[in-house]
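This report describes one protein chain, from its overall fold to individual residues. The sequence and the coordinates are shown first.

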Amino acid sequence: MQFQLINIGFGNTVLASEVVAVVSPDSAPIRRLIQEARFAPAA
């Protein structure tokens, strides 16, 4: 069984089969998600 790895920068890789979406961190919806995650209580 072969795994395809994708380089995501800074020496980090992820399995291609695990990637759900590629988004720009500068888009408004993504900035809102990031901001909400910062202020959400830890689970």
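How many residues lie between strand 1 and strand 2 in the hairpin that they form? There are two residues between the strands, and phenylalanine 10 in the turn has a positive phi of about 55 degrees.

## Model and confidence

The model is predicted. The average pLDDT of the chain is 91, and 98% of the residues score at least 70. Among the elements of the chain, strand 2 has the highest mean pLDDT, at 96, and helix 1 the lowest, at 92.

## Overall architecture

The chain contains one helix and two strands, arranged in the order β-β-α from the N terminus. Along the principal axes, its C-alpha atoms fill a box of roughly 40 × 25 × 20 Å.

Of the 43 residues of the chain, 2% count as buried. The accessible surface comes to about 4,300 Å², and carbon and sulfur atoms account for 59% of that area.

## The hairpin

Strand 1 comprises residues 5-9 and runs antiparallel to strand 2, to which four bridges join it. Strand 2 covers residues 12-15. Two pairs illustrate the register: isoleucine 6 has valine 14 as its bridge partner in strand 2, and glycine 9 is partnered there by asparagine 12. Strand 1 is hardly covered, with a count of zero buried residues among its five.

Phenylalanine 10 is located in the loop between the two strands. Most residues other than glycine have a negative phi. Phenylalanine 10 is not a glycine, yet its phi is positive, at about 55 degrees. Is this residue buried or exposed? Phenylalanine 10 counts as exposed because its relative accessibility is 87%, above the 50% cut-off.

## The nonpolar surface patch

Which residues form a nonpolar patch on the surface? Ile6, Ile8, Val19 and Val22 do so, and together they have about 370 Å² of accessible area. Ile6 is thus a member of the patch as well as the bridge partner of valine 14.

Valine 19, another member of the patch, is placed in the loop between strand 2 and helix 1. Its relative accessible area is 36%, so valine 19 is classed as partly exposed, the range between 20% and 50%.

## The helix and distances along the chain

Helix 1 spans residues 28-39 and includes arginine 32. Arginine 32 counts as partly exposed because its relative accessibility is 49%, and the exposed class requires a value over 50%.

Two C-alpha separations relate parts of the chain to one another. Arginine 32 lies 17 Å from alanine 21 in space, with the two residues eleven apart in sequence. Phenylalanine 10 and valine 20 are ten residues apart along the chain, and their C-alpha atoms are separated by 20 Å.

Key:
Residues numbered from 1 in each chain as written. Predicted model: local features only at pLDDT ≥ 70, side-chain atom pairs only at ≥ 80, totals over all residues. Heavy atoms only, no water. Buried < 20%, exposed > 50% of the residue type's maximum accessible area, 1.4 Å probe, protein only. Areas by Shrake-Rupley, 256 points an atom, 1.4 Å probe, with all protein chains shown as cover. Patch = residues over 30% accessible without salt bridge, like charges linked within 9 Å, V, L, I, M, F, W, Y side chains within 5 Å. Salt bridge = Lys/Arg side-chain N within 4 Å of Asp/Glu carboxyl O. Pairing = 2+ DSSP bridges. pLDDT = per-residue confidence, 0-100.
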